[in-house]
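Dear colleague,

Please find the structure below for your records. I would be grateful if you would read the notes that follow alongside the coordinates.

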Amino acid sequence: MLAPRLKKFRWMMIISPVTTILSLILLLWTYTYGPDWILPSLNPVPLPEPLHRGPGQPAPPGHQVSLVAGKGMKTILVSAYQEHRRGKREVRVIAVALRSETVEYHCVFSCEGQLRKSEGSRYVHSDHFDFAYGTADIMCPIPSDCESPSHITVTSKADPEEKPEVDLEVKNKKPENDSFHYNFTVCFSTMYEYKNVLQLVQNLETLQLLGVNRVVIYKTSSSPETQRILDYYTRKGLVEVIPWTLSKFLKVSRSWRPERSPGDTHYFGQIPALHDCLYRYMYQSRYVALHDNDELILPQKVFSWSELFPLLEKKYGPKQCFMFENNVFENDKFNKKVSDWQNVPGVDILTRLYHEPVHSGYGNFKIVVNPRVVFTLTVHGLLDPGISEACSFVDRNIARMYHTRLPKQPGVTRDKLTYDDRLLSYGARFTPTVTTVLRECGLLQKDRTPTTLTRPTGSDRVQAEKIRK
């Protein structure tokens, strides 16, 4: 009876030291390299620490609260900005609201450690594209005994809680109309399941050549490779990434109409993201451009926006916004050029040199605005009465938008497409930098030879020169 037990004991004596040694190795490796080597994160973005505060206390200074569900109502609070342009002291709370809901709003301010309240009023933007939820502004008068509100929240008047958590930091406390930190800021909205790495790097480098100082990206999700690129440009100081978590609160549509893609709100919440970006940089940037991450507004007679916008101001007078014609450059079967970046995920815009016929004039145009004269906007243009008439359509021979995407007119044959090589002028300058960025982000081999661009010859070159003229 003792023999089996002795054998079992001997095996335990052998296994136990081996297990102990393996455990120590595992702990040492994890301590050295961190836990991500075991289960790498799909999207390694550090999560914010949970807020631990008592009722009525604001979020810690510098803590960025992305979105907050309003209490006692079907309203998502996005951000808060002090409004200086309407002749009264008030705070504008940007929100996404159920359009059919009727609710009385209480605005709760944190003022020097004390709570103060006022009644808010709601305005839902007209461009909601028939979705149940739309972008809204909740206007909150600042109480007379509140000198400088630091934070705010909005609740339903019917909500019984006396001391709600005051989550949203009030920004834009001091207006600035003469001196700006940035000349040009570009707002990219709703980056969702994004993996078009190469085009993102090319566009960011082109924007810097144009003179853009800041790019703001509202991000829900992306590939790990994309996250590396975002981290790189964030460290560089060019990019600010805003966590866009609307999909945690609502079912977001993937299209601009509910019949195309059912959901609670339009295209991943694109409009409230753009609206927030406008106000976020209202007093930080001289101009704000509102276009997608697959679009570039390129001058035709000069090289940079710094040269372009004085020309526009001279030609069109003291305008406050400029609209640029959309030209779609197809990702299609005619683009045969092979790039040195062929193993990098995404589209090479330097091989997309044919654009579709432009039938609808300035349809699907995008804008660059002086943000201090704008109150509400939409995907293509402004909603403000009177302001939209002050915008100018820019002559396509001065500047136009290059939109590199899937065909919008897939049936068009090559003879109906127009060759335009303006992108190559920028590619000749950004190609070495793109290669460097991809190498530093671990997406390209270290010994890879940079691309050398050659301009086209023959009939295509002749046609391109005609376009330029």
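The notes below concern the disulfides and one helix.

This is a predicted model, in which local features need pLDDT of at least 70 and side-chain atom pairs count only at pLDDT 80 or more, while totals for chains, interfaces and linings use all residues. Residues are numbered from 1 along each chain as its sequence is written, and side-chain values use heavy atoms, with hydrogens and water left out.

Four disulfides (pairs of cysteine sulfur atoms within 2.5 Å) were found in a search of the whole structure. With the bonded cysteines numbered in sequence order, the pairing reads 1-3, 2-4, 5-6, 7-8.

Cys-111 and Cys-146 are bonded with their sulfur atoms 1.9 Å apart. The torsion about their S-S bond is about -90 degrees, so this disulfide is left-handed. Both Cys-111 and Cys-146 are buried (under 20% relative accessible area; exposed is over 50%, partly exposed in between; 1.4 Å probe, protein chains only).

Cys-187 is joined to Cys-277 at an S to S distance of 2.0 Å, and this link is left-handed too, with -80 degrees about the S-S bond. Cys-187 has 0% relative accessibility and counts as buried.

Cys-321 and Cys-391 are also joined, S to S 1.5 Å.

Helix 6 (helices are DSSP runs of H or I, at least four residues; strands are runs of E, at least two; both numbered from the N terminus) bends by about 50 degrees at Phe-430 (the angle between axes fitted to the seven residues ending there and the seven starting there), and Pro-432 follows within four residues. Just after helix 6, Gly-442 has a positive phi of about 75 degrees.

Yours faithfully
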